Amino acid sequence: MTTAILLIEDNRLLRRAIERALVKAGYEVISIGDGEDGLRVAREKTLDLILLDMMLPTLSGLCLLQQLKQDKRTQAVPVIVLSGLSLKNEAKLVKEGAAGYLEKSDTLFQDDSALLLQAIERVLPGAGNKRPRQLEKPLGVRRTE
């Protein structure tokens, strides 16, 4: 079984870049562009991880994080926050339930997105073992826009 990741990011170009990196690494990706749809999908799907932008339309990332951690259906799913905001917000986000924090920058995509993939491995030990070593067919991306 592959690792299922919900990506909630409103910037289309950044969302597609992250999708490509995750799919290339063998993850199953569900991609959402706003907070309300992200919350709905998180409640409907069985997920291993959520990658969450903080600045989202319809429902802010912070409000979404709080709702995910208060809902019995989603509270056990780890959330890694992706943000262009300063790392000084990390402590507050961890207090709210985030499992990790990554600052959006050019370094996020260097070396085949090594920082992003390392963060996922830290939060989901063994996730690399759940990814197929050789894909018979591309997993693809499911988008809800």
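**Strands β4 and β5, and helix α2**

β4 and strand β5, residues 100–103, pair in the parallel sense, over four bridges. One of those pairings to look at: Ser83 has Glu103 as its bridge partner in β5. Keep in mind that this is a predicted model.

Now the other neighbour of β4. Four bridges join β3 to β4, and these two strands also run parallel. Here Leu51 has Ile80 of β4 as its bridge partner. Add α3, and you get a right-handed β-α-β unit: β3, α3, β4.

How many residues of β4 are buried? Five of the five. The strand covers residues 79–83, and with that count it is largely enclosed by the rest of the structure. Look at the side each residue takes. Val79, Val81 and Ser83 point one way. Ile80 and Leu82 point the other way. Both sets are buried.

Next, helix α2, residues 35–44. Which residues are buried there? Gly35, Gly38, Leu39, Val41 and Ala42. Look down the axis of α2: the buried residues fall within an arc of 170°, so they line one face of the helix. A reminder on helix geometry. An α-helix has 3.6 residues a turn, so residues three or four places apart point the same way.

What do the buried residues of α2 pack against? Three strands and a helix: β1 (4–8), β2 (28–32), β3 (49–53) and α3 (61–70). So β3 and α3 turn up again, this time as packing partners of α2.

Last point, the start of α2. There, a side-chain oxygen of Asp34 comes to within 3.1 Å of the backbone nitrogen of Glu36.

Definitions and conventions: Residues are numbered from 1 along each chain as its sequence is written. This is a predicted model: local features need pLDDT of at least 70, side-chain atom pairs count only at pLDDT 80 or more; totals for chains, interfaces and linings use all residues. Side-chain values use heavy atoms; hydrogens and water are left out. Buried means under 20% relative accessible area, exposed over 50%, partly exposed in between (1.4 Å probe, protein chains only). The arc is that of the directions from the helix axis to the C-beta atoms. Contact means heavy atoms within 4.5 Å. A polar contact is a pair of N or O atoms within 3.5 Å; within protein, one must be able to donate a hydrogen and the other to accept it, and residues adjacent in sequence count only if both atoms are side-chain atoms. Two strands pair if DSSP finds at least two bridges between them. A crossover is right-handed if, with the strands pointing away from the viewer, the path from the first strand over the helix to the second runs clockwise.
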